[in-house]
Amino acid sequence: MILEAIGLRMGFTGVKALDGVNFHLRRGEIHALMGENGAGKSTLIKCLTGVYQPDSGQLLLAGEPYRPSSPQHATELGISTVYQEINLAPNLSVAENICLGREPRGPFGIRWKEVRQRAKAALARLQIELDVNAPLGSISVAHQQLVAIARALDVSCQALILDEPTSSLDRNEVDQLFEVLRRLKSEGMGILFVTHFLDQVYAISDRITVLRNGRLVGEFVTSELPKLDLVSHMIGRSASELEAPLAPRSLSAGSTFMSVEKMSGSRSTQDVSFEVSPGEVVGLAGLLGSGRTETLRMIYGIDPIQSGSIQFGNRRRSKLNLQTAIKEGLGLCPEDRKSEGILPDLSVRENLMLVVQNRRGWWRRLSRKEQQETVSNFINRLQIATPDADRPIQFLSGGNQQKVLLARWLAANPKLLLLDEPTRGIDVGAKFEISNLIESLRQGGMSFLFVSSELEEVFRSSNKVLVLRDRRMVGELTGDEIDQNRIMGMIAGNPE
Amino acid sequence: MNSRQLPPYLWTIALLLAVFIFNAAFSPGFFTIEWRDGRLFGSLVDIVNRAVPVLLLSLGMTLVIATKGVDLSVGAVMAICGAVAACLIAHPQGSLLKDFQVESLAGIIAAALLVAVVCGLFNGLLVAKIKVQPIVATLLLMVTGRGIAQLLTNGQIVVFEHPEFQALGSGSWFGLPSPIWIFMLSFVLIGLLVHGTAFGKLAAATGSNETAARYAGVKVDSIKVWVYVICAVCAGIAGLIGAADIKAADSNNAGLYLELDAILAVAVGGTAMAGGKFTLVGSVIGAILMQALTTTILTRGVGAETTSILKAVVVVAVCLLQSPAFRESYRRILGLGRAQA
């Protein structure tokens, strides 16, 4: 055993990010950490590496209790982390990056010769050849990733944590990385590997730990866990299997509000085709990184469409910008509410009324009374917990912020609302409330595109389900075809 | 329970009062305002009158800062607009504008402010469309603006005679100096624009989280262009008052460093430099505080060279008092318990 966590608990305002999680990393193994959005993967890593201090629980390093006070401290203890985004300096040379912050010094400053030698040695250990004098920015992303790993190994390292190291690599580059990881494993290192590509998990890992909603689902030996079971562990369904779907499975064929035809974007989802009718909820199922968010971003005019088109009524568009999308009656509740959703300094009321006010035009200000009416209506309906509507939204808990963002669009009554993880991080009661609200608005003729990491929600609310895998649309299910096992099979890539 | 907070400029008001009381202690007639020759005279009137250029600049600057921007070019825009007005009146030798025949007061003002609008569009389009960082975009006009003003005046200080125009700077209407009236009118108009419509809210939304505002459909680009245009027009008005006051356009010195005073006034008034939260009233109080300090130092016979140091001390003091982290720590030191979140 090299790294252990026992009964780890960690909470943020109102949300339990980790709830009694156990984790074991052995010497000479590659261990995959799996889970959907909000499962607690990154919180667990941050607790292990000293970014967060857990509320309770024990951390053991080679059997001895330890408490890293900072990432630096964790590195000194022998736990190195390579993050998804490469946190290195692209304008410095490969050698400088590898030794950054721990350059060997002599009486005349940094001993550059030794820096280069150390960098060469670190790269040689990974059996990669690179010009150590080249600026980091001039080499490929894959090599940059390997340099980041070489830097992590430059200190005496017992446990290596890789947070989605392959998300920006192509197939050959992934193979190269895996070869390096296998070599490190044979040297006895413990490697924790986070990814959302199932194939890669099966290609490289020995064991899998699955988290869901901050809880440990279990630790499994990779070779003994069928893919389908892994998906069902990640997505979870047991509790709600009996819950009847809210939305009717077949709608009487009516008009089409929007039809998407063979839409693809560069570095985005490929080959998406589907139709949305008024009063229809279309669920997007797929794992994190399968292209759910990217699809919504293209439809909303944020990311450019490279080929294919979207048709509203009889207007066919192969280019779409955000203002046009909004004029066509679209709205988006983005996934990352902090950076794309809330206006932190503004009050709950101002946040909630933003879309309505903007649609009226800036010169026709909503009176305080009109605002108050809508706001108190939504505060009651969605049970938004706030002392009053004039409190800055940044002081609300995440779940309540989410409800305000949802209300922001619902108040404006769009024709088609794109919901990206609308229930992430909010309590069960409110989730149910939101599902019911969606259903009643749907009956009123509003359409939804609904993305959720929780399959049961997609299952419960959708009239139609699109399945995405590896940034590609792999199927469309309607009516009685909507079946959790079937969806999971498609997500896992099993032939039917 | 109502969580509407106290205005952020309480400390600014407190400091302003402290400066006034300090003055009153040394010169007993400080608060006296007399009616002489059909107009008001007194130190307070004088302070506000002298503060007008910075007051005008800080109105526009508040809106720019609310959108997370900054406008360094306002001093240069003052110089340009003063030069335009002076050249239209005096037709100096070699001036680019010597052939333009504009005689009426309204024509002169309109021409100068039109130039200000162009300056504002230049800044705004650079920031909103070409996505140049505001500090860099407006630095361009800050540096080139004085050159443009010199081109207009052919490098001379243009002295002019135009009684009607001069009245903008040194006249008085209904007992108050005309600059104060011009400022009050601008304040009311901008106040109506910002709070009477939703413009202020959308500008604050843009500054608070631009991506979120854009996704909600707010046309953040045009809002940004507008705030830079408004800011430049405010600077243009200030430039006209400045030129009218000295009956001349001095391209090198008109409005010199006033952009910094305006930014200080906005910061001291409690507008968040990171955008999102702004207060026009706070900026007004901030600008008056800055001028009150300058006047105090000069009338106390302390050398003018210490002015900037004292201003700096006051700015630091106000910023510290407004900082939640600082307030938390002195509450702890004084044993007053934790502040409510």
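Which residue takes a positive phi in the hairpin of strand 16 of chain A and strand 17 of chain A? I looked this up first and found Gly313(A), with a phi near 55 degrees. I noted that two residues lie between the strands of that hairpin. I keep in mind throughout that the model is predicted.

**Entry: the strands around the hairpin**

I then traced the pairing on both sides of strand 16 of chain A. Strand 16, residues 307-312, pairs with strand 13, residues 258-264, in the antiparallel sense, and I recorded five bridges between them. Within this pairing I found Ser307(A) as the bridge partner of Ser264(A). Strand 16 of chain A also pairs with strand 17, residues 315-317, again in the antiparallel sense, here over three bridges. Across that second pairing, I noted that Arg316(A) in strand 17 stands opposite Gln311(A).

**Entry: chain A as a whole**

I counted 17 helices and 22 strands in chain A. I next asked how its radius of gyration stands against the globule rule. For 496 residues a compact globule would have a radius near 23 Å, and chain A has 25 Å, so I recorded agreement. Along the principal axes, the C-alpha atoms fill a box of roughly 75 × 55 × 45 Å. Of the 496 residues, I entered 56% as buried. Among contacts with a separation of 6 or more, residues 24 or more positions apart account for 67% in chain A. I put the accessible surface of chain A at about 20700 Å², with 48% of it belonging to carbon and sulfur atoms. For the charges, I listed 58 positive and 58 negative side chains in chain A, the centres of the two sets lying 4 Å apart.

**Entry: chain B as a whole**

I repeated the survey for chain B. Its secondary structure comes to 14 helices and six strands. With 341 residues, a compact globule would have a radius of gyration near 20 Å; I found 21 Å for chain B, which therefore agrees. The C-alpha trace of chain B spans about 70 × 60 × 35 Å along its principal axes. I entered 52% of the 341 residues as buried. Of the contacts in chain B with a separation of 6 or more, 74% are between residues 24 or more positions apart.

I closed with the surface and the charges of this chain. Chain B exposes about 15400 Å², and carbon and sulfur atoms supply 68% of that area. I noted 21 positive and 16 negative charges in chain B, with mean positions 15 Å apart.

How values were computed
Residues numbered from 1 in each chain as written. Chains lettered and ligands numbered in written order. Predicted model: local features only at pLDDT ≥ 70, side-chain atom pairs only at ≥ 80, totals over all residues. Heavy atoms only, no water. Helix = DSSP H or I, 4+ residues; strand = E, 2+ residues; numbered from the N terminus. Rg over C-alpha atoms; globule rule 2.2 N^0.38 Å. Buried < 20%, exposed > 50% of the residue type's maximum accessible area, 1.4 Å probe, protein only. Contact = heavy atoms within 4.5 Å. Areas by Shrake-Rupley, 256 points an atom, 1.4 Å probe, with all protein chains shown as cover. Lys, Arg positive; Asp, Glu negative; His and termini not counted. Charge placed at Lys NZ, Arg CZ, Asp CG, Glu CD. Pairing = 2+ DSSP bridges.
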